Protein chains: 2
Amino acid sequence: MPPSAPSRIEIVGLSGIPEVAAGANLARLVLDALAASGDALEDGDVLVVTQKIVSKAEGRVVTADAFEPSALARETAKTWHKDPRAVEAALAEARRVVKMDRGVLITETRHGFVCANSGVDASNLAAEDALALLPLDPDASATRLRAELERATGRRLAVLISDTFGRPWREGVVNVAVGVAGMVPLVDYRGERDSQGRSLSTTQVAAADEIAAAAELVMGKLDRVPVAVVRGAAYTPAEGSVKPLLRAAGQDLFR
Amino acid sequence: MPPSAPSRIEIVGLSGIPEVAAGANLARLVLDALAASGDALEDGDVLVVTQKIVSKAEGRVVTADAFEPSALARETAKTWHKDPRAVEAALAEARRVVKMDRGVLITETRHGFVCANSGVDASNLAAEDALALLPLDPDASATRLRAELERATGRRLAVLISDTFGRPWREGVVNVAVGVAGMVPLVDYRGERDSQGRSLSTTQVAAADEIAAAAELVMGKLDRVPVAVVRGAAYTPAEGSVKPLLRAAGQDLFR
């Protein structure tokens with residue numbers, strides 16, 4: 001049974017997190033920033049953490065020169081005025097090219113995410129010529145961070161690693177979950193009845209994606225707010241994983 | 001220039017809205033429910049209102065018998081165990097069929113939304129055999145509601161009409177904006193620089209969709225919470241429209 005919707009949710013952006021270096025202890029940085037802001041975690045809080053600082057902490061920011069452009073990457077980069085090393089990085093991180101047209105490279109990453117450039121991104125990085133790759137296993141990143149934060153605070157928490165993805169048909173990116181720990185990511189209404197006793201046509205709501213989207217509202221792209229606390233959201237506690245959010249290839253009309 | 005991200009956002013679900021009849025004054029119902037809950041609107045509040053109660057108020061809930069199934073609708077319904085009248089309604093509300101496979105009918109509605117069944121939905125309706133169609137002009141619905149609420153309260157507001165849409169590649173529906181008034185729906189970062197002075201790879205964030213997603217967290221599907229107030233979100237005031245969120249056909253790799 002899905003959890004009842006709460007009447008009030010609060011979303012707090014956590015500023016004061018310094019530039020994250022490879023090997024940094026994210027849990028410690030989050031707790032220090034919380035303490036500095038006079039806040040503390042509460043049972044049920046969902047921490048939403050941008051992929052970028054997780055990748056930085058995990059050493060997934062690499063120099064662009066690590067990628068030797070293939071003929072395909074060189075040709076694509078030339079046509080569309082891109083850095084051939086960045087194109088090569090996107091191809092290297094992909095297990096399938098979904099669309100490659102008009103300078104847009106949409107791939108399925110090794111994790112199964114369908115997004116632009118395999119999530120490879122050059123913005124908000126300290127080093128020149130650097131590329132941030134998605135974490136190798138964002139669920140594991142979320143699980144580790146959750147365990148450390150729960151141990152340090154004694155609170156029951158959930159952690160989402162987020163990234164902004166584009167989507168077909170609609171303009172603009174939205175923040176989605178790429179790693180999930182501590183919650184069931186899909187709220188399942190199958191078998192539930194509406195107020196009139198009829199079956200619901202909507203069967204599953206992507207709650208983790210909606211929480212990630214909500215968190216983006218306090219993160220922005222220019223402000224240094226890589227972590228948000230979402231307080232009061234209803235969810236079903238669980239070990240958690242992003243996998244239920246990824247549609248199986250055989251079920252997807254758009255593959 | 002995009003507005004700075006706020007440090008704190010609050011989302012309040014508005015219960016206590018009665019069953020909405022055709023011709024109902026939604027502004028009055030919202031204000032009464034707010035007063036009963038001891039809350040009042042503040043400058044900058046974004047009201048997110050589910051499409052369903054807007055359609056009810058605007059008489060867009062119709063009897064299924066109003067739709068005479070075509071041969072196509074009858075065949076589709078038979079194969080996939082659906083109501084042929086509901087299939088006919090979805091086809092009648094469409095200007096294009098995007099995909100029709102495995103019992104899933106994805107269309108482009110007359111407004112330009114790409115969604116399942118043209119947004120036609122039978123759940124949470126009082127009458128037997130009724131179908132809710134999307135509002136004829138959700139931007140106009142949002143604009144009217146905003147004007148009435150601003151006049152009654154003297155506050156500067158934004159209003160989003162929302163519906164839950166599925167998406168390719170990821171499971172679960174998410175709430176998105178189908179009508180917008182009072183805000184620029186896309187936050188534009190084009191020309192902005194990151195913390196290191198580099199161009200951002202993400203150029204536009206679908207803020208209205210993220211606000212709609214955030215609101216869904218207090219709405220749920222079973223609870224009677226058709227309105228949420230999102231307080232503290234940063235946005236650029238404007239007349240507003242959902243149209244900037246709809247990708248032009250020529251720009252969309254997935255048409």
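Two residues are in contact if their C-beta atoms, placed from the backbone, lie within 7 Å. The exercises below use a predicted model.

**Exercise 1. Describe the side of chain B that touches chain A.**

Step 1. Count the residues: 69 residues of chain B are in contact with 69 residues of chain A.

Step 2. Assign them to elements. Strands S1 (8-14), S4 (94-101), S5 (104-109), S9 (174-181) and S11 (204-205) of chain B, together with helix H6 (207-219) of chain B, each supply at least two residues of this side.

Step 3. Find the element that gives the most: H6(B), with 9 residues.

Step 4. Sort the side of chain B that touches chain A by residue class, which yields 35 nonpolar, 19 charged and 15 polar residues.

**Exercise 2. Determine how strand S1 of chain A is joined to S1(B).**

Step 1. Count the bridges between S1 (residues 8-14) of chain A and S1(B); there are 5.

Step 2. Give the direction: the two strands run antiparallel.

Step 3. Locate a bridge partner. Ile9(A) has Ile11(B) as its partner in S1(B).

**Exercise 3. Decide whether chain A is as compact as a globular protein of its length.**

Step 1. List the secondary structure of chain A: 6 helices and 12 strands.

Step 2. Compare the radius of gyration with the globule rule. The value for chain A is 19 Å, and the rule gives 18 Å for 255 residues; these are close, so chain A is as compact as a globular protein of that length.

Step 3. Add the box: along the principal axes, the C-alpha atoms of chain A fill roughly 55 × 50 × 25 Å.

Step 4. Take burial: 53% of the 255 residues of chain A count as buried.

Step 5. Turn to contacts in chain A between residues at least 6 apart in sequence; 62% of these join residues at least 24 apart.

Notes. Residues are numbered from 1 along each chain as its sequence is written. Chains are lettered from A and ligands numbered from 1 in the order in which they are written. This is a predicted model: local features need pLDDT of at least 70, side-chain atom pairs count only at pLDDT 80 or more; totals for chains, interfaces and linings use all residues. Helices (H or I, at least four residues) and strands (E, at least two) are DSSP runs, numbered from the N terminus. Ala, Val, Leu, Ile, Met, Phe, Trp, Tyr, Cys and Pro count as nonpolar, Asp, Glu, Lys and Arg as charged, and the others, Gly among them, as polar. Two strands pair if DSSP finds at least two bridges between them. The radius of gyration is taken over C-alpha atoms; the globule rule is 2.2 Å times the number of residues to the power 0.38. A residue is buried if 20 or more other C-beta atoms lie within 10 Å of its own, exposed if 12 or fewer, and partly exposed in between; C-beta atoms are placed from the backbone.
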